[in-house]
Amino acid sequence: MYKKYIIEKKELGNLPSSYKEVAINYSRNYDDIQKKVNEINKLKKKIDFLNNDIEILLDDTRILYNQLKFIKKNYLPRIYIKFYTKNNKYQRYVNLVVNYFGVSKTIYLGKKEMVLTSLNIAINISEKKLKNNILELIAPIVFNICNSVQSRLDFTDLTIKSVNLIGNSRQINVNESFSSYLKDLEP
């Protein structure tokens with residue numbers, strides 16, 4: 001790069017003032033450039049440091065994610081809604097499938113129209129939204145019922161009736177959610 005002083009400081013006194021002014025401006029610009037370069041280098045070091053921190057945090061996050069994934073898989077019930085027909089007829093029926101401790105239970109909820117009217121859900125929406133709306137209302141009840149289950153054997157012995165699910169769904173607080181279920185699990 002350029003030198004700070006092309007003309008030595010001691011020789012500046014021998015120059016006319018206009019040339020001296022050019023040399024001083026040049027030195028000032030050179031100092032400003034050096035300050036900016038130093039600032040860039042400091043910021044690059046900071047970026048490298050932050051990237052290292054991010055890598056460490058990502059590794060920790062992966063470990064925690066895998067632990068939570070294991071907890072969710074083994075200690076929280078998975079709930080699905082299935083629509084089906086019998087004997088190739090037009091009438092559709094609704095089942096609730098609860099998978100817990102590797103065991104599945106299927107709970108018959110009833111005819112689709114009856115379930116939707118009981119739960120106050122509009123019939124004219126997509127099947128995916130219907131399933132989500134039904135799960136939104138029934139999942140907290142299922143989580144509450146499964147709260148007392150401690151083992152696979154307890155879950156196998158557990159009886160869940162559709163009347164309990166659909167009848168209680170109107171009384172359930174909509175704000176009750178998966179997080180409230182987790183809070184109930186705390187010792």
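# Chatting through the fold

Guide: Let's start with leucine 96. Leaving out residues up to four places away in sequence, leucine 96 touches Ile79, Tyr80, Ile81, Lys105, Thr106, Ile107, Leu109, Leu135, Ile138, Val142 and Leu165. Keep in mind that this is a predicted model.

Visitor: Okay, and which residues touch the most other members of the largest nonpolar core?

Guide: Leu96 is one of them, along with Leu109, Ile134, Phe155 and Leu165. That core has 31 residues. Two or more residues each come from strand S1 (78-85), S2, S3, helix H3 (112-118), helix H4 (127-146) and helix H6 (162-169).

Visitor: Which element gives the most to this core?

Guide: That's H4, with 10 residues.

Visitor: Let's do the strands. In what order do they sit in the sheet?

Guide: The order is S1-S2-S3, in an open sheet of three strands with antiparallel pairing. S1 and S3 are at the edges with a single partner strand each, so each has one side without a neighbour in the sheet. On average, neighbouring strands are turned by 25 degrees against each other, ignoring direction.

Visitor: How many bridges join S1 to S2?

Guide: Eight, and the two strands run antiparallel. To pick out one pair, tyrosine 80 has valine 97 in S2 as its bridge partner. H4 packs on this sheet and touches S1, S2 and S3, with its direction at about 130 degrees to that of S1.

Visitor: And how many bridges are there between S2 and S3?

Guide: Eight bridges there, with S2 covering residues 92-100 and S3 residues 103-111, paired in the antiparallel sense. One example is asparagine 99, whose bridge partner in S3 is serine 104.

Visitor: What do S2 and S3 form, and how many residues lie between them?

Guide: They form a hairpin, with two residues between them. One to look for in the turn is phenylalanine 101, which has a positive phi of about 55 degrees.

Visitor: New topic: helix H2. How far apart are its end C-alpha atoms?

Guide: They're 84 Å apart. H2 has 59 residues (17-75), and at 1.5 Å a residue the helix should span 87 Å, which agrees.

Visitor: Which residues of H2 are buried?

Guide: Ala23, Ser27 and Tyr30.

Visitor: What about salt bridges, how many are there?

Guide: The count comes to three. One joins arginine 62 and aspartate 59, with their closest N and O atoms 2.6 Å apart. These two are three residues apart in H2, which means about one helical turn separates them. Arginine 62 is partly exposed, at 46% relative accessible area, and aspartate 59 is partly exposed too, at 38%.

Visitor: Which side chain does glutamate 127 meet over 3.2 Å, N to O?

Guide: That's arginine 92, in another salt bridge. Glutamate 127 lies in helix H4 and arginine 92 in strand S2, so the pair ties together parts that are 35 residues apart in sequence. Glutamate 127 is partly exposed, with 34% relative accessible area. Arginine 92 is partly exposed as well, with 24%.

Visitor: Where does lysine 131 lie?

Guide: In helix H4, four residues from glutamate 127, or about one turn of the helix. Their side chains meet in a salt bridge at 4.0 Å, N to O. Lysine 131 counts as partly exposed, at 26% relative accessibility.

Visitor: Which residues end up joined into one network?

Guide: Arg92, Glu127 and Lys131, through salt bridges that share partners.

Conventions:
Residues numbered from 1 in each chain as written. Predicted model: local features only at pLDDT ≥ 70, side-chain atom pairs only at ≥ 80, totals over all residues. Heavy atoms only, no water. Pairing = 2+ DSSP bridges. Core = buried A, V, L, I, M, F, W, Y, C linked by side-chain atoms within 4.5 Å. Buried < 20%, exposed > 50% of the residue type's maximum accessible area, 1.4 Å probe, protein only. Contact = heavy atoms within 4.5 Å. Expected span 1.5 Å × (residues − 1). Axes fitted to C-alpha atoms, helices over the stretch in contact; angles between N-to-C directions.
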